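Subject: Handover of the structure and findings

Dear colleague,

Please find below the sequence and the structure for your records. My account of what was found follows directly after them.

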Amino acid sequence: MKNISFFRFLALLPLLALMLGCGSKAEPIAEIYPLEGMEAPVYYTATKPLNEGDKGELVVIMIHGWGGGTKAPKPQLQLQKALGDVYVVAPLYPRAQIMEKYNIEKDGRAIWNDSWSLNLTVPGTPHDDWRGGGDANGTTMSSYDVVDELLARLSDRALYPNLKKIVLAGYSAGGQFVGRYVAVGRGVVRDGITLEFAAMAPSTYLLPNSTDTWHYGISNRPRYCLETSNEQMMENLRRRRCLHGCGSLDVGEKSLDKTPCAMKQGENRFARYQNFKALVEKDSRWAEKVVFHTFDSIAHESSKAYADPFFVKYVKEIR
């Protein structure tokens with residue numbers, strides 16, 4: 001009888017596991033979806049497609065790092081976990097080298113940065129650099145046009161009726177992308193939605209008072225912002241709320257831009273962050289809109305930054 005009871009218990013184990021699983025929350029999974037209506041095929045990753053809408057008050061558009069562009073970035077899932085039920089969408093900006101790395105055939109999708117080599121001391125042209133709004137190869141479609149399209153979709157009141165805040169956030173190369181979008185991005189959203197930004201641990205910063213080439217300075221700009229005046233750039237920087245963050249231990253050379261214009265900004269990311277902070281604080285209007293935060297005891301680790309309570313509070317607070 002004891003043996004029979006034991007075997008009956010074993011037979012019930014799958015059912016017990018299922019019952020216990022019903023009470024736990026599944027880990028988020030981000031799928032790849034096409035962004036319809038673009039000049040060349042562009043994809044994004046999210047837990048569901050944009051056209052299904054969302055009832056929440058907050059959406060995060062997350063920009064991946066230099067090594068991303070072909071699949072859901074790992075930090076996206078970590079960010080979703082930290083934020084709970086917040087809808088997170090991540091546009092993909094692949095480079096040819098990344099597609100080759102993952103054995104993905106060129107299938108006509110938009111690709112950026114062919115002019116940039118793997119030698120981090122040699123700059124490419126800003127006109128195809130997705131980190132600064134450059135156009136995809138062979139197109140007149142900026143990486144910033146993709147964000148503008150996402151903002152337009154999210155502004156559809158029928159699909160996102162309760163939306164009050166959108167945060168455009170990026171880390172590392174994604175932080176470069178966001179920091180420059182703050183200066184020149186169109187940033188159009190419907191009435192009732194606040195658009196805010198988080199540009200964390202970028203390798204370099206846009207210095208609006210510099211004559212260095214874009215994306216370090218303001219000369220030789222890409223098509224997207226060619227008509228944007230210097231005055232308009234400064235006005236954008238002074239009126240758009242942005243979090244700039246960097247780890248106190250982010251002093252290594254991993255994927256660090258070492259071009260001449262970059263090295264003028266500092267020896268490493270943390271030094272460049274401190275120098276940028278000093279620059280912003282000289283302009284009182286600009287400083288009013290910028291939040292600076294040092295992630296204590298963090299090196300170049302996006303997962304820790306995205307899970308940091310300060311960052312989560314900044315994103316979730318609806319002002």
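Please bear in mind throughout that this is a predicted model. I begin with Arg223, which is partly exposed, with a relative accessible area of 34%.

**Salt bridges**

The side chain of Arg223 forms a salt bridge with that of Asp135, with an N to O distance of 3.0 Å. This pair joins distant parts of the chain, 88 residues apart: Asp135 belongs to the loop between helix 3 (96-101) and helix 4 (143-154), while Arg223 belongs to the loop between strand 6 (194-200) and helix 6 (230-239). The two partners differ in their surroundings, because Asp135 has a relative accessible area of 11%, under the 20% limit, and is buried, whereas Arg223, at 34%, is partly exposed. Both residues also belong to a network of salt bridges that links Asp135, Asp145, Asp148, Arg186 and Arg223.

In total, the structure contains 20 salt bridges. Another of them is formed by Glu235 and Arg285, whose closest N and O atoms are 3.3 Å apart. This pair, too, links distant parts of the chain, with Glu235 in helix 6 and Arg285 in helix 9 (residues 284-289), 50 residues apart. Glu235 is partly exposed, at a relative accessible area of 31%, and Arg285 is likewise partly exposed, at 39%.

A further salt bridge joins Lys304 to Glu301, with 3.2 Å between the closest N and O atoms. Lys304 counts as partly exposed, with 42% relative accessibility. Glu301 is also partly exposed, its relative accessible area being 25%.

**Thr140 and the salt-bridge network**

Thr140 is placed in the loop between helix 3 and helix 4. Not counting residues up to four places away in sequence, Thr140 touches Glu39, Asp135, Asp145 and Arg223. Of these residues, Asp135, Asp145 and Arg223 are among the members of the salt-bridge network. Glu39 lies 101 residues from Thr140 along the chain, yet the C-alpha atoms of the two are separated by 7.9 Å.

**Helix 4 against helix 5**

Helix 4 and helix 5 (residues 173-184) have axes that come within 11 Å and cross at roughly 75°. Helix 4 is therefore roughly perpendicular to helix 5, as this angle falls in the range of 65 to 115 degrees. On the side of helix 4, the residues that meet helix 5 are Ser143, Tyr144, Val147, Asp148 and Leu151; on the side of helix 5, they are Phe177, Arg180, Tyr181 and Val184. This contact comprises six nonpolar residues, one polar and two charged. Asp148, which takes part in this helix contact, is also a member of the salt-bridge network described above.

**Helix 2 against helix 11**

A second packing of helices involves helix 2 (74-83) and helix 11 (residues 309-316), whose axes are 10 Å apart at an angle of about 75°. These helices are therefore roughly perpendicular to each other. Leu79, Ala82 and Leu83 of helix 2 make the contact with Phe311, Val312, Val315 and Lys316 of helix 11. By type, the contact residues divide into six nonpolar, no polar and one charged.

**Leu58**

Two residues of helix 11 that contact helix 2, Val315 and Lys316, are also among the contacts of Leu58. Leu58 is found in strand 3 and counts as buried, at 8% relative accessibility. Leaving aside neighbours within four places in sequence, the other residues in contact with Leu58 are Val86, Tyr87, Leu163, Lys165 and Val167. Val86 is 28 residues away from Leu58 along the chain, and their C-alpha atoms are separated by 6.2 Å.

**His64**

Is His64 buried or exposed? His64 is buried, with a relative accessible area of 2%, and its place is in the loop between strand 3 (58-63) and helix 2. A polar atom of the His64 side chain lies 2.9 Å from the backbone nitrogen of Tyr93. Tyr93 is also one of the residues that His64 touches when those up to four places away in sequence are not counted; the others are Gly69, Pro73, Pro91, Leu92, Trp130, Tyr171, Ala173 and Gly174.

Yours sincerely

Definitions and conventions
Residues are numbered from 1 along each chain as its sequence is written. This is a predicted model: local features need pLDDT of at least 70, side-chain atom pairs count only at pLDDT 80 or more; totals for chains, interfaces and linings use all residues. Side-chain values use heavy atoms; hydrogens and water are left out. A salt bridge is a side-chain nitrogen of Lys or Arg within 4 Å of a carboxyl oxygen of Asp or Glu. Helices (H or I, at least four residues) and strands (E, at least two) are DSSP runs, numbered from the N terminus. Buried means under 20% relative accessible area, exposed over 50%, partly exposed in between (1.4 Å probe, protein chains only). A polar contact is a pair of N or O atoms within 3.5 Å; within protein, one must be able to donate a hydrogen and the other to accept it, and residues adjacent in sequence count only if both atoms are side-chain atoms. Contact means heavy atoms within 4.5 Å. Axes are lines fitted to C-alpha atoms, for helices over the stretch in contact, and angles run from 0 to 180 degrees between N-to-C directions. Angles under 35 degrees count as roughly parallel, over 145 as roughly antiparallel, 65 to 115 as roughly perpendicular and the rest as oblique. Ala, Val, Leu, Ile, Met, Phe, Trp, Tyr, Cys and Pro count as nonpolar, Asp, Glu, Lys and Arg as charged, and the others, Gly among them, as polar.
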